[in-house]
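Student: Please walk me through this structure. I'll ask, you reason it out.

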Amino acid sequence: MGSYLPSRLVRNTDEPLSLLDTDDEWIRSRTGIRTRHWVEPGESTGDLAVRAGAQALRSAEITSVDLVILSTTTPDHHSPGTAPWVAAQLGLGNVAAFDVSAACSGFTYALAAGDAWIKAGMAERVLVIGAEALSTITDPNDRGTAVVFADGAGAVVLRRGCAQEPGALLAVRLGSDGTQKDLAIVAAGGSRWPEERQQAARGERCLRMRGPQMFSHAVRRMTEVSRLVLESIGWQPGDVEAFIGHQANQRILDKVADLVGVPGPARLGNVRDVGNTSSASIPLVLDEVVREKSVGAGARTLLTAFGAGAVWGSVAMTWPDIRSST
């Protein structure tokens, strides 16, 4: 595992957040967030992905993989994909590489893709990265998004193994509902709303979110998919020893854990310190916990996420027996 956070630390009391119609207490009480990291001008998603990917490769003590999958909502360019450039910067040669666009559920989707490549015999090792520079698509004048979204990257290396080993991916469940695509959306800039004449207002080129609706859908779907994946392998909620939900909002995380029935000590997160980093959020927590050595190898682990699209996913696995790259 590996991770990277850009150096710019933004507190609730720092500009531009301090200029909004809000304050530290308002932000903490509604989101649980007190700080987040933003990229500096010129720093991109690809740059963050390279740093996290390099750490994961060092942690795995390898210099090559068969596939690189990069999950991101904020690619360096509309085209080409960012994953091939990341692979080149990591010195991985002409390895297969592609991007996954599944918003805040992207890491679960990317894990599922890497798992499938290995099971199909198409790869022995896969580097999976979740990386985001959400501050580059966030309107700094919109308190509903500016105080929430942040930047960072996390990465893991998957390898062929067996279900009895620590770190095994045991079950994956994914889902989507395209009728809810407007829950969180960057409306302009794609083929639906091209910008060749720059006719879109600034706000339509930034991420907009319907907060209350997003909250209710996220709770419902994350709870549902978590229960389904637990049932698929015969685990009871009380069996879960490590639970990592997508770090969107502390109230969402608490509600989902309560509804699923995950024990309090098993609930892991860092939304307070890093904000909502979309598809980077779960691997950022994974790597932080590895560095803290607070979860033992083989612990029954549940990952779950919900994001724009709408898309959701959950993964049941056992905690890996690895050491941090730092």
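Tutor: Happy to. Helices and strands here are DSSP runs numbered from the N terminus, a helix having at least four residues and a strand at least two. Keep in mind that this is a predicted model.

Student: Where is Ala 310 found?
Tutor: Start with its backbone, as the peptide bond from Gly 309 to Ala 310 is cis, with omega near -10°. As for its place in the chain, strand 13 covers residues 300-307, and strand 14 covers 311-318. Ala 310 sits in the loop between strand 13 and strand 14.

Student: Which residue does a cis peptide bond join to Ser 79?
Tutor: Look in the loop between strand 4 (67-71) and helix 3 (83-89), where the partner is found. Omega is about 5° for this bond, and it joins Ser 79 to Pro 80.

Student: What is the phi of Glu 61?
Tutor: Glu 61 belongs to the loop between helix 2 and strand 4. It isn't a glycine, yet its phi is positive, at about 60°.

Student: In what order do the strands run in the open sheet that includes strand 7?
Tutor: Begin at the edges: strand 1 (2-4) and strand 5 (96-100) each pair on one side only. Next to strand 1 comes strand 7, joined to it antiparallel by three bridges; in one of the pairs, Gly 2 has Ala 155 of strand 7 as its bridge partner. The pairing across these five strands is mixed, and the order is 1-7-6-4-5.

Student: At what angle does helix 2 run to strand 7?
Tutor: The sheet under discussion twists by an average of 15° from one strand to the next. Helix 2 lies across strand 1, strand 4, strand 6 (125-133) and strand 7, and to strand 7 it runs at about 35°.

Student: Which are the edge strands of the sheet ordered 8-14-13-11-12?
Tutor: That one is an open sheet of five strands with mixed pairing. Inside it, strand 11 (residues 242-245) and strand 13 pair in the parallel sense over four bridges, and Gly 245 has Thr 304 of strand 13 as its bridge partner. An edge strand pairs on one side only, and that describes strand 8 and strand 12 (267-268).

Student: What angle does the direction of helix 4 make with that of strand 8?
Tutor: For comparison, helix 7 (residues 250-260) lies across strand 11 and strand 12, at about 135° to strand 11. Helix 4 packs on the sheet too, touching strand 8, strand 13 and strand 14, and with strand 8 its direction makes about 125°.

Student: Which element gives the most to the lining of the second largest pocket?
Tutor: The pocket holds about 790 Å³ of space and has 29 lining residues, with Val 157, Leu 158, Arg 159, Pro 166 and Gly 167 nearest its centre. Helix 2 (45-60), helix 4 (106-119), strand 7 (151-159) and strand 8 (169-176) each supply at least two of the lining residues. With five residues, the top contributor is helix 4.

Student: How many residues of that pocket's lining are nonpolar?
Tutor: Sort the lining by class, and you get three polar and seven charged residues. The nonpolar class has 19.

Student: How far is it, N to O, in the salt bridge between Asp 24 and Arg 28?
Tutor: Side chains of opposite charge can pair when their charged atoms come close. Asp 24 and Arg 28 both lie in helix 1 (residues 24-31), four residues apart, about one turn of the helix. The cut-off for a salt bridge is 4 Å, and from N to O this one spans 3.2 Å.

Student: And how many salt bridges does the count come to?
Tutor: The Asp 24 and Arg 28 side chains meet in one. By the same rule, the count comes to 13.

Notes
Residues are numbered from 1 along each chain as its sequence is written. This is a predicted model: local features need pLDDT of at least 70, side-chain atom pairs count only at pLDDT 80 or more; totals for chains, interfaces and linings use all residues. Side-chain values use heavy atoms; hydrogens and water are left out. On a 1 Å grid over the protein atoms alone, a cavity is a set of points where a 1.4 Å probe fits but cannot get out, and a pocket is an open set with protein on both sides within 12 Å along at least five of seven lines; lining residues have an atom within 4 Å of a point. Grid points are joined across faces, edges and corners, and a volume is the space filled by probe spheres set on the points. Ala, Val, Leu, Ile, Met, Phe, Trp, Tyr, Cys and Pro count as nonpolar, Asp, Glu, Lys and Arg as charged, and the others, Gly among them, as polar. Two strands pair if DSSP finds at least two bridges between them. Contact means heavy atoms within 4.5 Å. Axes are lines fitted to C-alpha atoms, for helices over the stretch in contact, and angles run from 0 to 180 degrees between N-to-C directions.
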